[in-house]
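Thank you for making time for this today. I would like to walk through one model, beginning with a single residue and then widening the view to the rest of the chain.

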Amino acid sequence: MNLLMVIFGLIAIFAAVGTVQTLKKKQVLGFLFNLVTFLVFGAFTVATVITQGYPPALH
């Protein structure tokens, strides 16, 4: 789960950068897809860090 959290975090960061870039270029569809991607992957990453901690607790 540790590596998956890092990958999803990177996807969220890239989506945030893409959101800003498409907003500057006034591309509505790209902006919406990037925003939804940022919200979904960002929320998953934050929720995983809150529930399992970083690094994740071993059982």
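**Starting from Thr19**

Thr19 counts as buried, because its relative accessibility is 10% and the cut-off for buried is under 20%. Please keep in mind throughout that this is a predicted model. Thr19 is found in helix H1, which covers residues 2-25. Which residues does Thr19 touch, if we leave out those up to four places away in sequence? They are Phe31, Asn34 and Leu35. The side chain of Thr19 also has a partner in the backbone, since one of its polar atoms lies 2.7 Å from the backbone oxygen of Ala15.

Let me step back to the overall picture. The protein has two helices and zero strands, and of its 59 residues, 19% count as buried. If we take the contacts between residues at least 6 apart in sequence, 61% of them join residues at least 24 apart. The protein exposes about 4,500 Å², and carbon and sulfur atoms supply 78% of that area.

That brings me to the surface of the model. There is a nonpolar patch on the surface, formed by Leu3, Val6, Ile7, Leu10, Ile11, Ile13, Phe14, Val17, Val49 and Tyr54, and together these residues have about 920 Å² of accessible area. Which element gives the largest share of the nonpolar patch? H1 does, with eight residues. Two members of the patch are worth a look by themselves, and I take Leu3 before Ile7. Leu3 has its place in helix H1, and it counts as exposed because its relative accessibility is 60%, where exposed means over 50%. Ile7 lies in helix H1 as well, but at 38% relative accessibility Ile7 counts as partly exposed. Between the C-alpha atoms of Ile7 and Thr45 the separation is 9.3 Å, although the two residues are 38 residues apart along the chain.

Thr45 takes us to the other helix. Helix H2, residues 28-52, has 25 residues, and from its first C-alpha to its last it reaches 36 Å, close to the 36 Å expected at 1.5 Å a residue. Which residues of H2 are buried? They are Gly42, Thr45 and Thr48, and what covers them includes H1. Thr48 also appears in a polar contact, in which the side chain of Thr51 reaches the backbone oxygen of Thr48 at 3.4 Å. Thr51 itself is placed in helix H2, yet Thr51 is exposed, with a relative accessible area of 65%.

Finally, I would point to two backbone positions. Lys26 lies in the loop between H1 and H2, and its phi is near 60 degrees, a positive value in a residue other than glycine. Is Lys26 buried or exposed? At 75% relative accessibility, Lys26 counts as exposed. The other position is Gly53, which comes just after H2 and takes a positive phi of about 80 degrees.

To close where I began, Thr19 of helix H1 is buried at 10% relative accessibility, and Thr19 touches Phe31, Asn34 and Leu35.

Notes:
Residues numbered from 1 in each chain as written. Predicted model: local features only at pLDDT ≥ 70, side-chain atom pairs only at ≥ 80, totals over all residues. Heavy atoms only, no water. Helix = DSSP H or I, 4+ residues; strand = E, 2+ residues; numbered from the N terminus. Buried < 20%, exposed > 50% of the residue type's maximum accessible area, 1.4 Å probe, protein only. Polar contact = N/O pair within 3.5 Å; in protein donor to acceptor, adjacent residues only side chain to side chain. Contact = heavy atoms within 4.5 Å. Patch = residues over 30% accessible without salt bridge, like charges linked within 9 Å, V, L, I, M, F, W, Y side chains within 5 Å. Areas by Shrake-Rupley, 256 points an atom, 1.4 Å probe, with all protein chains shown as cover. Salt bridge = Lys/Arg side-chain N within 4 Å of Asp/Glu carboxyl O. Expected span 1.5 Å × (residues − 1).
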